[in-house]
Structures are given as structure tokens and as C-alpha cells.
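Thank you all for coming; I would like to walk you through one model this morning, beginning with the ligand and then moving outward through the sheets and one helix. Please have the sequence and the structure open while I talk.

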Amino acid sequence: MSVLPKEAIIAVVGTGAMGAGIAQIAAAAGHPVKLLDNRPGAAERAIDGIRAQFAKMAEKGKLTAEAATAAGTRLIAVGQAADLADAALVVEAIVENLEAKQKLYADLESIVAVDCIFGTNTSSISVTAIGAALKHPERLAGLHFFNPAPLMALVEIVSGLATDRAVADTLFATASAWGKTPVHAKSTPGFIVNRVARPYYAEALRLAQEGAADNATIDAVMREAGGFRMGPFELMDLIGHDVNFAVTNSVWRAFYNDQRFLPSLIQQELVDAGFYGKKSGRGFYDYREGAVRPAAQTEATQAPTGKITVFGRSTAAKSLAGRLERSGQSFSRAPDHDGMIAEIGRAALFVTDGRSATQRASESGVANTVLIDLALDYDKATRLAVAAAEQGDPLAIASAIGLLQAAGFAVSRFLDVPGLAVMRTVAMLANEAADAVNQCVCSAGAADSAMCLGVNYPRGPLAWADQVGVATIRTVLANLGASYGEDRYRVSPLLQRAVFAGRNIHG
Ligand SMILES: NC(=O)c1ccc[n+]([C@@H]2O[C@H](COP(=O)([O-])OP(=O)(O)OC[C@H]3O[C@@H](n4cnc5c(N)ncnc54)[C@H](O)[C@@H]3O)[C@@H](O)[C@H]2O)c1
């Protein structure tokens, strides 16, 4: 793999939020960088901004003053495409429009050298389609940075149908030399991150639509049990519903309306209302002056009345036993019993398997069934979502909630929806990542790195599936599919194969 040498000139066309960030990275890595924008003065303003960033980094001791000045002087604003003739790589970060990107690169082909590489930063347009306008489409690949580019480690290197592997490899090696973590991906809708992340929003929107819990409660569960940095609703509000909804729609349409990616009517309503989120002052939450952020619903403290038994050696059971021990609660241990985690009086606790508690109670004959959600780490989780069977006795259920509270969890009670919040989201994230791997979009390692580095997930979805157990994930998906009767929850063939082979996804 050949890295572009430091003296290679990098051109950045489009010097808005992304282009300026990419120019900053290339200049910091030692390249001369030429910036071009069709808005008069925009390239110069971007350079001023980048130099100010370098100066700030020098103040913080992240760069020497000399290095900051040197990096700043490597940035050159140019006024026309003809000035990019000596570029070794042209990164485009112009408007997200196929015709504009095709025209830019087609015009550049008659200006730059035959071995000049084109790297498009498009987040949603087919790299294959951009390449179709070129005489030499093999020189074009996606070079997809994440926002803010200087801070986000991930770069998706996206190969279109005609992309020369050597070009993708050079971009991969160069992005690594720039301190980034590149991953290879095939040009398919959403590439890796924007495809695999869809269920993070979609499952939460479905929970909200069913009134499973309020938005603040679902957000709190995803953060405090799931370990995600932001809950889905606050994240959508931050991204902006216009942008998030447009990405969901474009992925859904690009996959010929596959139910997996079905957009949400709730989000359509927000877009129709102009409630775009933080930037417009209203979204799922109210950001206007004086507005109070609603608190998550937390069950009032209840007494754990009844004899407590913790069953088996599952991760959840071991953590629960450890937490009860630390809080001085007396309990006894027993071997595994039908997947039960614990029993208190007449109530039985299980981790959700994608069935509702009501269905599970009806099938098992255990009326007082209480289900707990998945946690990233049951030792460290501060909150758990629970659901109880409709046929359960309220006193027995209260006692089960009291047991979880005695173990130090804040408990949020959901309506009895199948799969609760973290479990169904993680199962669907893993399913989507598995499908991307199964369809040769990327490797399992690339899918996990992409989600950890591109959107800060606490664990790669496939590594998470391995940890929970691929058989459990498959069961959850199959049960969700049976509950909703929707093709959306069909299990990826890759997951199925791993289950039948009795192995993990990562081997
Ligand atoms: N903003 C993000 O979070 C993000 C993340 C990853 C990728 N992207 C992609 O990066 C690209 C740029 O996005 P952005 O957010 O920086 O947009 P932006 O609007 O901030 O900047 C785009 C810049 O390109 C200039 N421009 C438009 N058409 C041009 C042309 N034909 N020639 C020269 N300059 C032109 C505009 O004047 C503007 O300065 C898009 O393709 C977008 O999908 C955006």
C-alpha cells in the first residue's frame, strides 16, 4: 500500500464544515493543501479558521508554535479549478448533489495528471454513480470523514464498482498516516455507519409510537443501561430531524423500501412541524428559553418482600448476586432454572428474549413474570428497564422491582413491549451489521470499528452480539418478528450461520 508522500499536494474543493476540517487534517500531516470554493472568500475564511485552530492547539501544548505556523503556511486558497493541476489527490466536500459532484470531477479530469486520485466525501451518494461521469472512474473512491473531521477517527474508504483497489488502498494508507482509522466499504446505501446506525433511531421511534415509555425515560435507559453516550431522542434532536429523516428516507428508498429501514411517522410529524431539534428550538425536547427538560420516569422505592433466590451463572445473575451482596441484602443461590435470573416471593425475573412478559407468562404458566432489559455491563448499569406480565399480581411485581432497587438500580417500568429498549436495539444493530458483512459491504471488524469510532457506540454491534450470545440475539429477533409479524425483524443469514455452527461472529 502506498501512502501519498508529504510533499504530495492535496486539493480540497468545498471549504464548508467538512472541507475545512479535512484541509486541517492534511496540512497538519505535512501536505501542501490547496482550497477551492465557489463562494467568493470562503476558502480564505476557511484558512483563517484553520490557522486559528492550529494556534489554539499550540496554546494547549498539542503542537509547537513553529509546527502550528508551518502547518498554517501550507494552506493556500485558489480561485479556479485550473489551479489544481499539480494535485495528487482532490477531496471534494461540496454540496451533496450527484450532478454537481459529477461535473466537478469530470471538469477536473482534463486539468489534473492521469494518476491524480479523487476522494469524494459524500455521505449518501453512490460512488459508482459519481464515477459514471468520468473517463477514468477507477481513480475515484469515497473518502468519507465524520463530523467534526479533525476529532473523529473514522474514515470510510468506499469503493465503487469501477474503483481500482490500489486507489482504495492508497487512500486507506494515507488516512492512516494522517492519524485516522480507515475502514474499507463497498458503495452501497449508507455505506457502513449510516446504514448500521438506522435501528438506533428506528427502534426508539417505534417504542415511542407504542407509548412504551416517554422519550426522556427511553433516553435514560439507553445511556444508563446501554452505555450509549446519548439517548436516541436527544441524539436525533442534536443531528436535526430534517437531516436524520432525510438520511433514513434515502437509505429506505435506496434499498427499494425494505421494511428494515422504514421511516417513522413520528419523525415525519416533527419535520412537518419544523421541529428540527436543538437548532430550531424544538424537537422531541423543548430548547427554548425557560423550558425545563423532563426527568426520566423512575419507580418509587418499594420493599423487596419475600425470599430471594438468584439462579444460575448467567452474566445478569452473577452481577445481580454481586450487587445484592454488596448492598447487604440476604439471598440464596440455586442452579439454572429455565433461564430465570431471580425469584422473589411469587415473582420471577428473566432477561427479555424478545417476547412480551405477557406472552412469556402465558407460555410458561408463571403469571408473575417480570422482564429486565439488556445492559452493557450489569455490574455498572445504574438503571434498568423492566416490563411485567399483564396477568401478574401488582404486589408480586412491586416486590420484584424492589429487589432490583435493593441491588442499586433505578428502575424504569415500560409498557409490556417485546424486547424492551436496549435488547431490541442491540439485536437490530447487530442484525444490520451482520447483513452488511453478509452482503460483502465490509468485514466484521470494519463494521464494529466503524460504529465505535464513527458514532461512539460503547461496543461494536457484532462484538456485542458475541458477548450476549448469537443464539440469544437470533431468538430475540425471531420473537420480535413473531410479535409484530413484520419482515423488518428477519434474521441475517450470517447470524443464523453462526448460531448453527455454534460459533461467534468474530470466530
Ligand atoms: N456535515 C456533515 O456532518 C457531513 C459529514 C460527512 C460528510 N458530509 C458530506 O460532505 C459534503 C460537504 O458537507 P458540509 O457539511 O461541509 O457542507 P457545507 O455546506 O458546510 O459546505 C459545502 C461547501 O461547498 C461549497 N460548494 C458547493 N458547491 C460547490 C462547487 N460546485 N464547487 C466548489 N465549491 C462548492 C459551498 O460554497 C460550501 O462552502 C457533502 O457531500 C456532505 O454530504 C457532511
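Let me start at the ligand, where M18, D37, R39, E96 and K101 come nearest among the 20 residues around it, a residue being near a molecule or strand if one of its heavy atoms lies within 4 Å of it. Before I go further, a caution on what we are looking at: this is a predicted model, in which local features need pLDDT of at least 70 and side-chain atom pairs count only at pLDDT 80 or more, while totals for chains, interfaces and linings use all residues. Residues are numbered from 1 along each chain as its sequence is written, and side-chain values use heavy atoms, with hydrogens and water left out.

The shell around the ligand draws at least two residues each from α1 (17-28) and β6; helices here are DSSP runs of H or I with at least four residues, strands are runs of E with at least two, and both are numbered from the N terminus. As for polar contacts (pairs of N or O atoms within 3.5 Å; within protein, one must be able to donate a hydrogen and the other to accept it, and residues adjacent in sequence count only if both atoms are side-chain atoms), there are three that I would like to show. An oxygen atom of the ligand lies 2.8 Å from an N or O atom in the side chain of S123, an oxygen atom of the ligand lies 3.0 Å from an N or O atom in the side chain of N121, and a polar backbone atom of A17 is 3.1 Å from an oxygen atom of the ligand. Taken alone, the ligand exposes 830 Å², of which the protein buries 73%, with accessible areas coming from the Shrake-Rupley method with a 1.4 Å probe and, for residues, only the protein chains shown counting as cover.

Now to the sheets. One is an open sheet of eight strands with mixed pairing, in the order β3-β2-β1-β4-β5-β6-β7-β8, where two strands pair if DSSP finds at least two bridges between them. Its edges are β3 (75-77) and β8 (181-186), each with a single partner strand, so one side of each has no neighbour in the sheet. On average, and ignoring direction, neighbouring strands of this sheet are turned by 25 degrees against each other; axes are lines fitted to C-alpha atoms, for helices over the stretch in contact, and angles run from 0 to 180 degrees between N-to-C directions.

Within this sheet, β4 (residues 89-92) is covered on both faces, with L89 and V91 on one side and V90 and E92 on the other all buried, which is to say under 20% relative accessible area, as against exposed at over 50% and partly exposed in between (1.4 Å probe, protein chains only). β4 pairs in parallel with β1 (residues 10-13) over four bridges, and four bridges also join β4 to β5, again parallel. L89 stands opposite I10 and, in β5, opposite I117. Further along, β5 (residues 117-120) runs parallel to β6 (residues 140-145) with three bridges between them, and G119 has A141 as its bridge partner in β6.

There is also an open sheet of seven strands, again with mixed pairing, ordered β10-β9-β11-β12-β13-β14-β15. Here β10 (332-334) and β15 (410-413) stand at the edges, and because each has a single partner strand, one side of each is left without a neighbour in the sheet. Strands β12 (residues 347-351) and β13 (residues 369-372) pair in the parallel sense over four bridges, and A348 has T369 as its bridge partner in β13. Helix α14 (residues 357-364) packs on the sheet, touching β12, β13 and β14 (383-388), its direction making about 135 degrees with that of β13.

Is T369 itself buried or exposed? T369 counts as buried, because its relative accessibility is 0%. Beyond its neighbours within four places in sequence, its contacts (heavy atoms within 4.5 Å) include A348, F350, A357, R360 and A361.

Finally, helix α18 (residues 461-468) is mostly covered, with six of its eight residues buried, namely P461, L462, W464, A465, D466 and V468. The cover over these residues includes α7 (193-196), α16 (422-438), α17 (444-454) and α19 (470-484). After α18 comes G469, whose phi is positive, near 115 degrees.
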